[in-house]
Amino acid sequence: AGRAVSSLGRTDGFFGNPQVRIPLPASLHRAERTMRRFGLGRYADELVLAMNRAAEAAVPEARTLLVGAVKKMTVEDAKGILTGGDTAGTAYFRRATEDQLRARFLPIVSRATARVKLAEKYNEYADWGVRFGLMSREDSNLDAYVTQKALDGLYLVIADEEKKIRQDPIGSASRIIRRTSRSASATAPAGRSPKLCRISAHSAS
């Protein structure tokens with residue numbers, strides 16, 4: 001999970017990754033196509049860049065909560081990860097952290113969008129859509145949209161990492177597990193086995 005935070009929480013972490021790049025809201029797709037035909041694609045491009053930059057600014061906040069989720073993991077949680085599917089660990093992290101991360105991401109996204117005047121960009125863009133009858137002036141909460149997409153992208157990358165680890169346990173991921181297992185084993189809480197701690201420690205590394 002730490003690798004996901006590092007890869008996404010930097011310049012072009014979202015914008016430069018087609019897998020998680022945040023697109024315009026679906027309600028703007030018709031307006032986008034029309035505006036590009038009229039040579040006004042720069043409005044769409046500026047808005048997409050601003051949304052992705054906001055997500056990149058928010059993601060580093062996830063690291064502490066992901067580590068905290070490992071520390072709070074119960075034996076039953078760890079057993080579920082060990083016996084679950086390829087993304088059972090990611091599912092646990094999502095259950096344990098999504099609501100808290102949303103609460104932490106949203107104000108960061110809001111500050112980021114304010115700095116780049118995202119609301120102004122959106123309103124300017126929406127005006128063209130309204131002018132051509134492609135959308136209404138119904139207010140859209142872009143900050144909430146960007147926050148949710150940032151969360152979706154984070155968990156998607158964590159899931160991809162988890163799949164690779166499970167599919168190649170003797171590869172590079174295996175070395176990371178061995179490295180983190182030493183500290184996890186030494187600090188394993190009562191009632192938790194060192195093996196279960198190793199799985200959870202690597203998931204947050």
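**Leu-8**

I looked up Leu-8 first and found it buried, with a relative accessible area of 0% in this predicted model. Leu-8 belongs to helix 1. I then listed what Leu-8 touches beyond four places in sequence: Gly-13, Phe-14, Val-20, Glu-56, Val-59, Gly-153, Leu-154 and Val-157. For one of these partners, Val-59, I noted the C-alpha separation from Leu-8, which is 6.7 Å across 51 residues of chain.

**Asp-12 and the loop after helix 1**

I moved on to the loop between helix 1 (2-8) and helix 2 (29-37), where Asp-12 is placed. The phi of Asp-12 is near 70°, and I marked this as a positive value in a residue other than glycine. Asp-12 has a relative accessibility of 32%, so I entered it as partly exposed.

**Helix 2**

I recorded Ala-31, Glu-32, Thr-34 and Met-35 as buried in helix 2. I checked Glu-32 separately, since it is a charged residue in that list. Its relative accessibility is 18%, and Glu-32 therefore counts as buried, the cut-off being under 20%. I also noted that the C-alpha atoms of Glu-32 and Asp-45 are separated by 9.6 Å, with their positions 13 residues apart along the chain. Just after helix 2, I found Gly-39 with a positive phi of about 75°.

**Helix 4**

Which residues of helix 4 are buried? In this helix, which spans residues 62-71, I found Ala-62, Leu-65, Leu-66, Ala-69 and Val-70 buried. These residues cover an arc of only 150° around the axis, and I therefore placed them on the same side of helix 4. On the other side of helix 4, I recorded Thr-64 and Lys-71 as exposed.

**Arg-104 against helix 4**

I located Arg-104 in helix 6. Its relative accessibility is 34%, so Arg-104 counts as partly exposed. Leaving aside neighbours within four places in sequence, I found Arg-104 in contact with Glu-61 and Leu-65. Leu-65 is one of the buried residues of helix 4 already entered above. I also noted Ala-62, another residue of that buried set. Arg-104 and Ala-62 are 42 residues apart in sequence and 8.4 Å apart in space, C-alpha to C-alpha.

**Helix 5 with helix 6**

I next examined helix 5 (residues 75-83) and helix 6 (residues 88-115), whose axes come within 7 Å and cross at roughly 145°. At this contact, Asp-77, Gly-80 and Ile-81 of helix 5 meet Ala-88, Gly-89 and Tyr-92 of helix 6. I sorted the contact residues into 3 nonpolar, 2 polar and 1 charged.

**The aromatic pair**

How many aromatic pairs are there? I counted 1 aromatic pair, taking ring centres within 6.5 Å as the limit. The pair is formed by Tyr-92 and Phe-93, with ring centres 5.8 Å apart and planes at 55°, so I entered it as tilted. I noted both Tyr-92 and Phe-93 as buried. Tyr-92 had already appeared in the contact of helix 6 with helix 5.

**Thr-147**

Is Thr-147 buried or exposed? At 1% relative accessibility, I entered Thr-147 as buried. Thr-147 lies in helix 8, which covers residues 142-167. Apart from neighbours within four places in sequence, I found Thr-147 in contact with Arg-102, Phe-105, Leu-106 and Val-109.

**The protein as a whole**

I closed with the overall figures. The protein has 10 helices and 0 strands, and I read its pattern along the sequence as α-α-α-α-α-α-α-α-α-α. Of its 205 residues, 44% count as buried. Among contacts between residues at least 6 apart in sequence, I found that 80% join residues at least 24 apart.

**Confidence**

I recorded a mean pLDDT of 79 for the protein, with 73% of residues reaching 70 or more. Over residues 191-199, pLDDT stays under 50. The model has 22 contacts beyond four places in sequence for this stretch. Where pLDDT is low, the predicted coordinates should not be read in detail.

Technical notes:
Residues numbered from 1 in each chain as written. Predicted model: local features only at pLDDT ≥ 70, side-chain atom pairs only at ≥ 80, totals over all residues. Heavy atoms only, no water. Phe/Tyr/Trp six-rings, centres within 6.5 Å; stacked < 30°, edge-to-face > 60°. Buried < 20%, exposed > 50% of the residue type's maximum accessible area, 1.4 Å probe, protein only. Helix = DSSP H or I, 4+ residues; strand = E, 2+ residues; numbered from the N terminus. Arc of directions from axis to C-beta. Axes fitted to C-alpha atoms, helices over the stretch in contact; angles between N-to-C directions. Contact = heavy atoms within 4.5 Å. pLDDT = per-residue confidence, 0-100.
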